Amino acid sequence: MKRIFCFLLILLCLPLSAWADGQEGTSNYLYTMHKEPVAAPPAYTLSYSLIARDYPEIDALDNMVDAYVTDDAIYILCAKRLLVLNHDLSFRTLVTDYTDETGKEQKLDSCTGVTVTPDKEIYITQSEKSQILHFNADYTLKRVMGRPEIVGYENVKYRPTKMVVDSAGRLYVISKGMYEGILELNADGSFTRFFGVNEVTFTPWQLIWRVFSTREQRSRQSLWLPSDFTNLCIDQDGFLFATLQGTETETVKRLNAKGQNIIKVATEQPYPSGDLWFNESGFGIPTGPSQFIAVDTNDCGVYICLDTTRSRVFAYNEDHNLLFVFGGPGDREGYFRNPVDVAFIGDNILVLDSLAQSIEIFSPTLYGQALMNAVRNQYQYGYETAADYWREALSYNHNLTLAYSGIGRMLLRAGRYEEAMQYLKMGEDRNYYDKAYEKVRTATLRQYFVPGAAALVGLIVLGAVLSKVRRKRKEAREA
């Protein structure tokens, strides 16, 4: 009996080695539509880790705060320096000072965020100095953007932390402590409006407690303020992704031109908010819900969010379904001590670990490659090719309901409705399952409606004839 048990245990462990492609992953799990965690193979594993010793041109990577990736360069911002790397992570240049508008040499200091335009112009926010530095492509200073004039907010401190620039040259700036929303500025730096305003939400218990509290108790309670934005980016369609801290419901938003959140999920689908199961309390362990502090997107609708609570990266597709998770708190390989930003470099993912003073590069495993290829082809309407990659992903992970859904949607478009229903049921895709069921029902009605209607008419005519015959016979007997 023991030999049989050991043999079965070995068989169960064999797929695990195939999942990892020979490497150990981190935080290998997903959530079902019922918000239950299930095991998953690692989609991304650590490829290499870079520290200051790997670059003779710099002396330290302390106080890293932000990263921005363009078509040909990677910008790593520290509090007092801007490191520019090529896509192969080789050194390009280092910026530590600049000449201001008066001709004086100034040191970079108190830097909090960096963004780069398609023309290679660089914006660096300096929160404590209440200004934004605008550099030319050759790293010379173009202008210093001070506090914008906002009527009614003259006494509110302006502390720009993160920002992006859209294709029209408009600036979207997060100012810490301004809870009205993201500042939208014109290209000249003048204020336009607050963008993506957050509403204050209350639990029923908070409202009840507030009603029955005394004036002294209410004065001691903390202010009820909207959630504060923490980071932002612009996706390939021009929409603004923004992360929020201090909320359990909408930790990330996708904002349209009106500033409205357009992330819509089905009733049974969980909102993209990181971990759905977590410890409410404990000692020496992370507690509470996920708090996203960074977000980035790629060219196929995938967006990644960095959770500061448990130092994990969560990836979602364009339909806001969870694709994979990696990372976690710790000193081991593939884990983080204090991650501060995350960004795509092609299909690779960069994570800045401020406490470890390292640049971590994660690459997709065979499972991760199949997953990303499936999502990319589906995003580009190559459904049949996407289905092939979904099947490949299923060979690594039978718990991937998203793959069943992807195959089912392809079968639905191909007109193979009954097969589509089977896959969509396994993928728990109720919306598309209803569409496939409707197609099957319509086809069934079309197939049997004419014969059925003819049979019904025939029965009605036959009944009428028989009734007439019986009536004539009755009349003949009576005569």
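**Valine patch.** I started at the surface, where Val457, Val461, Val465 and Val469 make a nonpolar patch of about 300 Å². For such a patch I took residues with over 30% relative accessible area and no salt bridge, nonpolar side chains (Val, Leu, Ile, Met, Phe, Trp, Tyr) being joined within 5 Å. A salt bridge here is a side-chain nitrogen of Lys or Arg within 4 Å of a carboxyl oxygen of Asp or Glu. Areas are Shrake-Rupley values with a 1.4 Å probe. I found Val469 in helix H8 (residues 430-478); helices are DSSP runs (H or I, at least four residues), numbered from the N terminus. Val469 is partly exposed, at 35% relative accessible area (buried is under 20%, exposed over 50%, partly exposed in between).

**Model notes.** This is a predicted model, so I kept local features to pLDDT of at least 70 and side-chain atom pairs to 80 or more, while totals for chains, interfaces and linings use all residues. Numbering runs from 1 along each chain as its sequence is written, and side-chain values use heavy atoms, without hydrogens and water.

**Confidence.** The chain averages a pLDDT (predictor's confidence, 0 to 100) of 86, and 87% of the residues score at least 70. Residues 1-23 fall below 50, with 16 contacts beyond near neighbours in sequence; contact means heavy atoms within 4.5 Å.

**Helix H7.** Which residues of H7 (residues 417-426) are buried? I get Ala420, Met421 and Leu424. They line one face of the helix, because they fall within an arc of 105° seen down its axis, taken from the axis-to-C-beta directions. Exposed Glu418 and Gln422 sit on the face turned away from the buried side. After H7 comes Glu428, with a positive phi near 55°.

Terms used
Patch = residues over 30% accessible without salt bridge, like charges linked within 9 Å, V, L, I, M, F, W, Y side chains within 5 Å. Helix = DSSP H or I, 4+ residues; strand = E, 2+ residues; numbered from the N terminus. Buried < 20%, exposed > 50% of the residue type's maximum accessible area, 1.4 Å probe, protein only.
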